[in-house]
Every structure is written in C-alpha cells, then in structure tokens.
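The exercises below go from one chain as a whole to its strands, then to the contact between two chains and to single residues. Work each one from the structure before reading the solution.

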Amino acid sequence: MPIKSAPVEVNIGPQHPSTHGVFRMVAKIDGERIVDVKMVVGYLHRSMEKLAEERTFTQNIPFTDRMDYLAAMSGNLGYCLSVEKLAGIDVPERAQYLRVIFAELQRIASHLMATGTFINDCGAWQTPVMYCMRDREKVLDLLEMTCGARLTTNYMRIGGVAFDIPEEFLPALDRLVNDDLPYRFEEYDQLLSGNEIIMMRARDVGVVTPETAINASLSGPMLRSAGIAWDLRKADPYCVYDRMTFDIPVGYNGDAFDRMLIRIEEMKQSLRIIRQAMHDLPGGAHKTDVPLALRPPAGEAYSRVESPKGELGFYVVSDGGPAPYRWHVRSPSLINLSVLKEMTVGQTIADAIVTLGSIDINVGEVDR
Amino acid sequence: MLLTIVTEHWWDIRDLSNLSAKIAELIDAAGGPHWLIFVVTGLLGAGGIIAFIGACAVINIWVERRVVGRMQSRLGPNRLGPFGLLQPVADAIKLMQKEVLQPKTASGLIFTAAPIAFTIPGIWLMAVLPWGRNMVLADLDVGVLFLLAASSLGALAVFMAGYSSNNKYSLFGSMRAIAALVSYEIPIVVALLGVVLFTGTMRLSGIVLFQEHYWVPLLLLQPLPFLIYFISISAELNRTPADVSEAESEIVGGFHTEYSGMKFGLFYAAELINAVVVSAIIATVFLGGWWMYKVDEVVPGWMIFIGKIYAVYFLFVWTRGTLPRFRIDQLLAFAWKWMTPMAIVNVMLVAAEVLLWEETGWSAGLLLPAYVVINNALAVGLIVAFVRVFAPKFQRFPTGLRMYSNIDVPALPAVHPADAAPVGTPAS
C-alpha cells in the first residue's frame, strides 16, 4: 500500500520566539523542506499614517520613534528632513553634526541588536545577544544622557535637535568610540566571522540575487549583501555625510552570512564617522526657531535616509494647514521582507528562521 | 596507623559500602534471612542514588544558570538566598503551582507517561556506575551494554511526548529526535566498543580497575572515542550544539511545546539529570571514575567521582553557552560522515593494538605509552583528514567584503520624461 504524504501547513508566528514580534509566516512544509510561504503582516498595525493627518507636524515626531523602535533616531531624522524640505527650513551646522552623531550611534545600537538576535536565531543559547546587549546599553546610556530616553528618543526637531548635548557627553562618547567599542567589534569579528557552525548555518542561506534585489527595491544591508554598492549616505548625502570619509561594505553572495559581516563592518564605519563628526563639531545654535504649529506651504516632499534597515523614506503632502494632508512612510523592513518567499522556498524550517533573522525586520516598522 | 584504624570502621566516609557491609553483618548476627541482606542494602543504595540524583537536579538548575550567566557577562540568579542558591526552590514551587494544561486532542495516557518515561532511564543508569572500590549498587557484567540500552530510552519518551501532544511543532521535534537517535546511536556504540576492546571487560568497575591498574585514564588511550562519545551524547541529550529536537528558535519548544506546570518541570529536571548521568558515564569510562593516581587513598573515591562528574558537566554547560545549533541535516551528516567512520577506524586500530599486546606479551609499561602516542596521533590525523575531505563547500565567491568609498550614482534625467518636449511630429 503506498503511503500517502501531503505537505503540512505550519503557522510560524505570530506568537513564535523568532519572528521578532508578531509577524506570521504560513509555511507549507514537506518533511523539513518549505514548499510555500505565505506572509501575513498587520498584527501590529497602529494606523500611524492616518493618525498623523490629525496632528501637527511637530506632534508627529513621536510616531517615528515608535515605528522602528530599535532605531528611533533614524526615524526622527528622516521625518524632520522631509518637513524641512517641504517648508524650506535651514538647519544650523551644529544640529546637522549632532544629527549625524546620533544617527550613527543609533545605527550601532540597531546593528548590535540585529547581529545578536541573528546568532540567536542560528540557535546559540542567548550568549551573543547578551554580549551585544551589553554594548548596546552603553550606546543607549549616551542617548539617555542627551535626551532622557533610551528607546523612543523623540530627539530631533524640525529645524534642529531638541536639546544641546550636556557637558559630559563628549568625553563619554570619546571613551565609547575610541576605547570600548573598537575592541568589542574586533572581538565579534573573531568570534562570529570565522565560526564554523555559523558559516554552515548562514552561508548560502537566504540568497538574494542582484536582480531580485533591484526588482524588489531592497535597500540597506540586504541590497549591499547582493553585491550592489548603494548607500544613501553616499548616493544622496543628507546632513553632513558628504564631508565624512567612510567606506561602504558590499558582499559577494547575498546570503545571510554576508549580511552579518556587513552589519559588523558598518558598525566599525559608523565609529569612523562619529570620530570625524566629534572632531569637527562646530559651536552655535542647536536649533532654528520654528513655530510649533508649523504651516508649510502647500506641496509635497520626499526625503530619505539610510536607516540601519535600509532606505527609510518619508513622503509628506501639505495643503497649507498645520497638519500634513497625507503622510506616507516607505519602511525598509516591509520592503525587505517582501522577498522572503523567494529566499525561503526550497530551504528547511531552520533556514527560514535564519533568513528571517538576517533580514533584520522590525515589526513595528513593517506594520506601522 | 590512624588511616588503617579508620578504615576498619563502618563510619569511614572513604568507602560508604562499609556501611552496608556492617548492616549485612548485623542482619546475619541477628539471624535474619539471607535475602533480607540483599533487599536492605539494595534499597539503601537505591535510596542514596535517588537522593543524589534529586539533589543534582535541584543544584544543577543553579549551577547551569549561574555558569552560563557568567559566560554571558551577567550575574545569573543572585537574589534568593546566599548566591541565589534558593532560586531552584523558587522555580520548583512556581512550576508546581502552575496549572497543568493538556490539549483536548492530546492522547492522555501517553501524554502523561512521557515525562515520567523521560526521567526514569537516567536514574537507572546511575545504578551500574561505581562510586568507590566496592561502592557499586549493581555491578553488572554487561554494564556497558546496559548503559547503551538505557540511555537510548530517553528518545522514546521524547517521541511519546511529541506524538501524543498532537501539535505540529511537537511532531517535528520528535521526528528530529528519532532521526538523531538512529544516527548517533551507531557512533556511540562503536566508540564504546573501542574502550571495551581495550579493557577487555564490559563491567564498569572493571573498566575503572583497568585504568587504576595501568595508571592511565582511558581519555589518553582513547581520545577519539571520548570526542565521539561527548559529541554524540550531546546530540542525544538535546544539549545546545545539537538540540534540534527542542530548538527553541525554530520549533518553539519541540517535543515539550504543549507541556506546562510540573509535567514540563519533569522534562526540565530530567534534562539536567541526564546531563549529570552522562557526565558520570564519561567520568567513569574515560576519566577513571573514583580512581585518581594516589589521591584516592586520601580523598574518598566518591568525592573524586563527583568532582569528575562536575568537571565534565562544566564542559557540557560550556558548549551550551558557546555554540550555535546545527541544522538537522547537518547534524545527521555529521554522524554518518564523520563520527561513524572515525569510530570504525578507531576500533580497527584498537583491535590491532590489543592483538599485538596479547600475542607478543610485551610489557604494558612499554606498549601503553606507545599506544597513547599512536592513538592521539590518529585522532589528530583523522580529524585533520576529515576536515580536508568533508568540510562544507559553499565558496561560490570569496568570503569577505568589498569596500567602496565612492558610489557611481546613475544620473537622473534633467527633465522628467512626462514633462519633456515631445519628440517627433505630432499627428495633424
């Protein structure tokens, strides 16, 4: 008698230890192989784009904290840039340098989290996460020192930043970027980049071809792992990135392992940028005077920043009123996630988890 | 001599079997039936072993969390009691208070029996392990065979748990557990065969006495079986580099996804018990059990044994805190492609060595050092050779990154195509 076998449908998520929040992946599985994947998003939808139409431009800044809560500064920055572009506001030099410093600190914090949880998805028993969290704490301490918050910073303002840095900030930052972190990043390189088991788990897993990457409009480490040199800090410089010297790491294979290497290397490059910004930090005002109920002229503006996850774009339409007429967010997490099916079909469940971890999604940003 | 005087008394802690010998004498003197001696001493030993196992299960929660905590650059539990020592008690109380949920679709009897079936074999195993020169509860002639038989029963319980839960994740976990069992049982058996060939006995106390007699722990004589046994048994124990059947990040909890309350607690405790028992097996077979050169004349043998158990247990915790997990197919390939051939090569070499030893009758003082050198060289050589041959090949492109300091940005058209002046002649 022939044994009848059929693919089994398994719900991975929304309540699952490694879906990084409430993302759901309906996988059709034949033995251990994945035959088909259906992605279900929206469990964390908070209707931010609609809510923003009821609030003033300044009141919308906290929403950007709560989208990608692991990289709140990048969200702040992207949104403020778009409103400044719309209203034609000039930002003081010092504020621009501070924005660069905090955006890069946030990139370090976010990449540390991504690397740690990625190795956790590979099955390590919490150790890399703890190591990465330890260093992320130091970065968050600096954010707390400046704006009083660690996660939802709400620091950037339209026309500058909310507060100037306190006196003890620069010495602490100097200690962090020159003494603490470089040593740690070398350690991660040694522990992770040559690790045989991580190589076996992550090489040739979740491969993105350059064609797929461009067609699906991927960005950030996902795009660069596929071998395409593209970084908005170089390609479309904002703030003062055009004055900084730094390199962009680009992978060869487009697999999960390359993404991990790129993140570690980007953290080192972020340190370089912070050092330069610290050195060149000018004096002066940290903020221009902008009315709280800002009424930008009717029109539209799109501005984009390289957030840790990729191209984070804000499209703002104004009808001349105090609130945006329409506010749209191009969130890198959602768009990077869109290729999950191509990446996982034909692989095992374990690979799918590693792939999902290497995309580094943030469900807060996917669903908004 | 003080030492000899102490030895003659039943309260000498260096060999607790003196106690049961004294009891036997008492029963004899009182004219009790002969079988009573076996019953009483047997129950006494069993009680002692169960007490030890229970104490280990409680203490190891603390040990494991504390040691792993240090490895992860944090403190671990340190609030409850001195050094957080009462934390396991709090954990146990919490687990006992929790409601034991059982899915409606689960098959009740097997679902309940699985955690019990998971715990018992571990306790059985301790019975045949020698704790001191005469301190062994059941000195089986086929001790090694018993070890192999009982230690693979755990996987059956895992399968019971996963299959009866009626949950897809659990089923995956139990499928993986069976696959791992089938693959890893072979290298374990063949690796221990090398040890048995060398010592010429399957009796565990005999294996210890061999190491005592020739003054060499089998770890030196049989380094390859030690490695193979350590890796394979961590696959069977679901310890982290190979914990595919409960793989938290992949299949939630694997076979114990549906368990809660004290049923889960039993799984949790049994995992720690099994780790201790396997450490004890390694300590007995490869590290000389209660024997340790001249130290065992001063320090009680069972203390040395416990010390060795915890040294090996530390190794398990260490690997757990350090390594990521293999994928299931990689794990099975590792068993078939690496472990099994290596173990077979080792057995052939051991057979030749033992034959040479017996046929020529050369002195052990001459041969054993030579064997130590040969076997260690073989272990290193085999591992290097296998790495050369079987290392995973995925290098489609060189590893590493290219660094770009500048990006070529394609120029955008100056005028948007829709706004551009029309090309060609408009239709009239």
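**Exercise 1. Describe the overall fold and confidence of chain A.**

Solution. Begin with contacts along the chain: in chain A, residues 24 or more positions apart account for 71% of the contacts with a separation of 6 or more. The model is predicted, and chain A averages a pLDDT of 88, with 100% of the residues scoring at least 70. Among the elements of chain A, the lowest mean pLDDT, 84, belongs to α7(A), and the highest, 91, to α4(A).

Next take the secondary structure: chain A holds 15 helices and nine strands. Then check the dimensions. The C-alpha trace of chain A spans about 80 × 50 × 35 Å along its principal axes. A compact globule of 368 residues would have a radius of gyration near 21 Å, and chain A agrees with this because its value is 21 Å. Finally, 55% of the 368 residues of chain A count as buried.

**Exercise 2. Work out the sheet that contains β2(A), and its hairpin.**

Solution. Step one is the strand order. An open sheet of three strands runs β1-β2-β3 in chain A, with antiparallel pairing. Its edge strands are β1 and β3 of chain A, each pairing on one side only. From one strand to the next, the twist averages 25°.

Step two is the register. Strand β2 (residues 24-30) and strand β3 (residues 33-40) of chain A run antiparallel and are joined by seven bridges. A:Arg24 stands opposite A:Val40, and A:Asp30 has A:Arg33 as its bridge partner.

Step three is the turn. The hairpin of β2(A) and β3(A) has two residues between the strands, and A:Gly31 takes a positive phi near 70° there.

**Exercise 3. Which elements supply the side of chain A that touches chain B, and which strands pair across the contact?**

Solution. Start with the two sides: 43 residues come from chain A and 36 residues from chain B. On the side of chain A, the elements that each supply at least two residues are β1 (8-12), α4 (93-121), α5 (127-147), α7 (196-202), α10 (232-235), β6 (248-250), α11 (256-280) and α14 (349-359). By class, this side of chain A has 24 nonpolar, nine polar and 10 charged residues.

Then look for strand pairing between the chains. β6(A) runs antiparallel to strand β1 (residues 402-404) of chain B, and three bridges join them. One of the pairs is A:Ile248 with B:Tyr404.

**Exercise 4. Determine which residues of α9(B) are buried and what they pack against.**

Solution. First list the buried positions in helix α9 (residues 204-214) of chain B: B:Leu204, B:Ser205, B:Ile207, B:Val208, B:Phe210 and B:Gln211. For the spacing, recall that an α-helix has 3.6 residues a turn, so residues three or four places apart point the same way.

Second, find the partners. The buried residues of α9(B) pack against four helices of chain B, α6 (143-151), α8 (168-199), α10 (218-221) and α13 (261-285). Last, follow the chain out of the helix: just after α9(B), B:Trp215 takes a positive phi of about 60°.

**Exercise 5. Is B:Ala46 buried or partly exposed?**

Solution. Locate the residue: B:Ala46 belongs to helix α3 (residues 34-71) of chain B. Count its neighbours: 15 other C-beta atoms lie within 10 Å, so B:Ala46 is partly exposed, since a buried residue needs 20 or more. As a distance check, the C-alpha atoms of B:Ala46 and B:Gly154 are separated by 20 Å, with the two residues 108 residues apart along the chain.

Conventions:
Residues are numbered from 1 along each chain as its sequence is written. Chains are lettered from A and ligands numbered from 1 in the order in which they are written. This is a predicted model: local features need pLDDT of at least 70, side-chain atom pairs count only at pLDDT 80 or more; totals for chains, interfaces and linings use all residues. A residue is buried if 20 or more other C-beta atoms lie within 10 Å of its own, exposed if 12 or fewer, and partly exposed in between; C-beta atoms are placed from the backbone. Two residues are in contact if their C-beta atoms, placed from the backbone, lie within 7 Å. Ala, Val, Leu, Ile, Met, Phe, Trp, Tyr, Cys and Pro count as nonpolar, Asp, Glu, Lys and Arg as charged, and the others, Gly among them, as polar. Two strands pair if DSSP finds at least two bridges between them. The radius of gyration is taken over C-alpha atoms; the globule rule is 2.2 Å times the number of residues to the power 0.38. pLDDT is the predictor's confidence in each residue, from 0 to 100. Axes are lines fitted to C-alpha atoms, for helices over the stretch in contact, and angles run from 0 to 180 degrees between N-to-C directions.
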